[in-house]
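Trainee: Could we go through this protein together, step by step, beginning with the whole and ending with single residues?

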Amino acid sequence: MTRAANGARGEELDAVIIGAGFSGLYMLHRLRDDLGLSVRVYEMGQDVGGTWFWSRYPGARCDSESYVYCYSFSRELAQEWNWSGRYPEQEELFAYLSHVADRFELRRDIRLSTEVTSAAFDDRTDRWTVRTGSGETISARYLVTAIGGLASAPHLPAIEGLSDFRGEAYHTGRWPQEPVDLTGKRVGVIGTGSTGVQTIPRIAAAAAELFVFQRSPQFAVPARDEMVDRAYLDDVKAHYDEVWDRAHWSIGGFPWQHNGRSALDDTPEQRRATFDALWAEGGFKFIYGSYRDLLTDRRANDFVAEYVRARIRERVADPRIAEQLLPVDHPFAARRPIVETNYYETYNLPHVHLVDVRRRPIERLTASGLRTSDREYPLDVIVFATGFDAVTGPYLRFEVEGRNGVRLADKWAAGPCSYLGVAVSEFPNLFMVTGPGSTFGNLPVAIEHDVDWITDLIRYLRERSYTCIEAEPEAEQRWVADMLHRAERTLVPLADSWLTGANIPGKPNRPLIDFGSFSNYRRVCERVVSAGYSGFRFGSAVPDAGVETGQPSLVNGAVWVTTGREA
Ligand code: NA7
């Protein structure tokens, strides 16, 4: 036991990890089993799985391919696990993560149903004091946030009359654990992002009537589940190293590269042939395996945007409804791309109605339904597929206090800053797995990278008896500036979405993640390591014994070490 900053006695550990999803499970495995640290994971859900514990709405599935939406750190795990198909549904992903927790005996160090309510860095001991909703206080040398960017911060828009509605209401990110029976009911879905597009066809299959309240139509590409079969998945297993090597050094964490050409250099016929071939394959390859400039040059993007609009028109029987489903206010893939199955055909069903709430805005919920500016829709169930306070939201749900009591919420008031998306100046010994400013794409690949990188960094600290590490403010500022510069070279800033915080009223609007490629991010991180963790400074004058005796640590006398220049 040790004495925490305010004098409360707390259990002493090497590391506390927040979250038991993809990131937290692997982080626990590395820190505990490879470095031999004492570690505890706190998870607010009633089971492990993170996103795949919470996202249980009808049709919830990942839209990355199964064989790269998983861990690669254990060849045995990859060889023994058999995915059922191309895009696993929530149940299968949850089963996979549960299997990982069991196989690597992780559960004994995970506290479920326990929310971390605050974390404060203690300048005197160079340790974090972590408090939980169940009243625990823990002192830990390292705090690792493995909280993802979405699942813990669902966004419920401030629609008037929310509490007046007498029917059932669900947010897709907090779908009940027990089955919800929609059979024969009048259902309204608000939102047509990735989640809405996945759930609408499934809800339509059960509901008596479905009203989709759409504010912004988006671009979606076909999933083509049927294009991947058992033989394909076995072949991937046989070429494990090759597939993973390609994913690790790719644009977005998928095992493909763009075709190296500019869309501007091809003839209309060549472009059509390129798009047709990729459209037939389906999935994210349509974006990441296509022309090199689709996401950076508006003219190239206009070609693909027009192609996708034409394909949408082909699938919707009523031309007036088709027009309403066409995205026109943002470039293709400038919002997080959507992958769909039977989405557009759903609007050909007689009991499915598209309501354009940009033209006729939602005014309020009533006891019996939803009212727009021109009429009332009687509903039994309302589904909010309205997204998340993404990337920063999960961090600002609890109090995080760094050196000298500086609050993370204050530090990020104008938008998040970090060094490499992993560390924040003034918040020593805090490590974020895919935090704000980290890379974007197929997340398990990014997560494994970050977890390995953090593990190596902690090993480095321990081998040299450093008790404290902190990002230098200058390195952080340069990283943020570089990241914003890379975003400016893409079309992402031309769209309002959660990628820039624009989906949350009042949230600073700017890119929240690094839109450079995965391979670039990896290279930068490698350079930082080879320069002796440039951009960080290390403190080594706080003996662990100081914690044991409750003596103030020697912050003022600490030997701060700065190595190299940041990459
Ligand atoms: P998204 O992509 O943020 O989509 C949210 C949807 O909800 C989007 O269509 C919004 O319309 C709509 N929305 C939000 N508030 C309102 C109000 N007040 N009225 C009408 N419509 C509203 O969230 P998802 O859950 O679909 O996906 C998030 C990520 O999860 C996804 O990118 C994957 O990474 C997994 P808008 O477009 O803002 O006009």
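What follows is a set of questions and answers on the overall build, the nonpolar cores and two loop residues.

Trainee: How many helices and strands does the protein have?
Mentor: Please keep in mind that we are looking at a predicted model. Counting along the chain, the protein has 18 helices and 22 strands.

Trainee: What is the radius of gyration of the protein, and what does the globule rule give for 567 residues?
Mentor: Along its principal axes, the C-alpha trace spans about 75 × 55 × 45 Å. The globule rule is close to the radius of gyration found here, so the protein is as compact as a globular protein of that length. The radius of gyration is 24 Å, and the rule gives 24 Å.

Trainee: What share of the 567 residues in the protein is buried?
Mentor: A residue is called buried when its relative accessible area is under 20%. On the outside, the protein exposes about 22000 Å², of which carbon and sulfur atoms supply 49%. By that cut-off, the buried share of the residues is 60%.

Trainee: Which helix gives the most to the largest nonpolar core?
Mentor: In soluble globular proteins, nonpolar side chains tend to be buried together. The largest nonpolar core here holds 126 residues, and those that touch the most other members are L31, Y96, F286, F332, L420, F431 and F536. With ten residues, the helix that gives the most to this core is α15, residues 443-463.

Trainee: Which residues is Y96 in contact with, leaving aside its neighbours within four places in sequence?
Mentor: Y96 is one of the residues that touch the most other members of the largest core. Once the neighbours within four places in sequence are set aside, the contacts of Y96 are F22, C70, Y71, L77, W81 and W83.

Trainee: How many residues are in the other core, which lies apart from the largest one?
Mentor: Among the members of this other core are I18, Y42, V116 and F427. Its size is 26 residues.

Trainee: Is N342 buried, partly exposed or exposed?
Mentor: Most residues other than glycine have a negative phi. N342, although it is not a glycine, has a positive phi of about 60°, and it is found in the loop between β12 (338-340) and α12 (343-346). With a relative accessible area of 47%, N342 is partly exposed.

Trainee: Where is S465 placed?
Mentor: S465 is not a glycine either, yet it has a positive phi of about 60°. Its place is in the loop between α15 and β20 (468-471).

Methods. Residues are numbered from 1 along each chain as its sequence is written. This is a predicted model: local features need pLDDT of at least 70, side-chain atom pairs count only at pLDDT 80 or more; totals for chains, interfaces and linings use all residues. Side-chain values use heavy atoms; hydrogens and water are left out. Helices (H or I, at least four residues) and strands (E, at least two) are DSSP runs, numbered from the N terminus. The radius of gyration is taken over C-alpha atoms; the globule rule is 2.2 Å times the number of residues to the power 0.38. Buried means under 20% relative accessible area, exposed over 50%, partly exposed in between (1.4 Å probe, protein chains only). Accessible areas come from the Shrake-Rupley method with a 1.4 Å probe; for residues, only the protein chains shown count as cover. A nonpolar core is a set of buried Ala, Val, Leu, Ile, Met, Phe, Trp, Tyr and Cys residues joined through side-chain atoms within 4.5 Å. Contact means heavy atoms within 4.5 Å.
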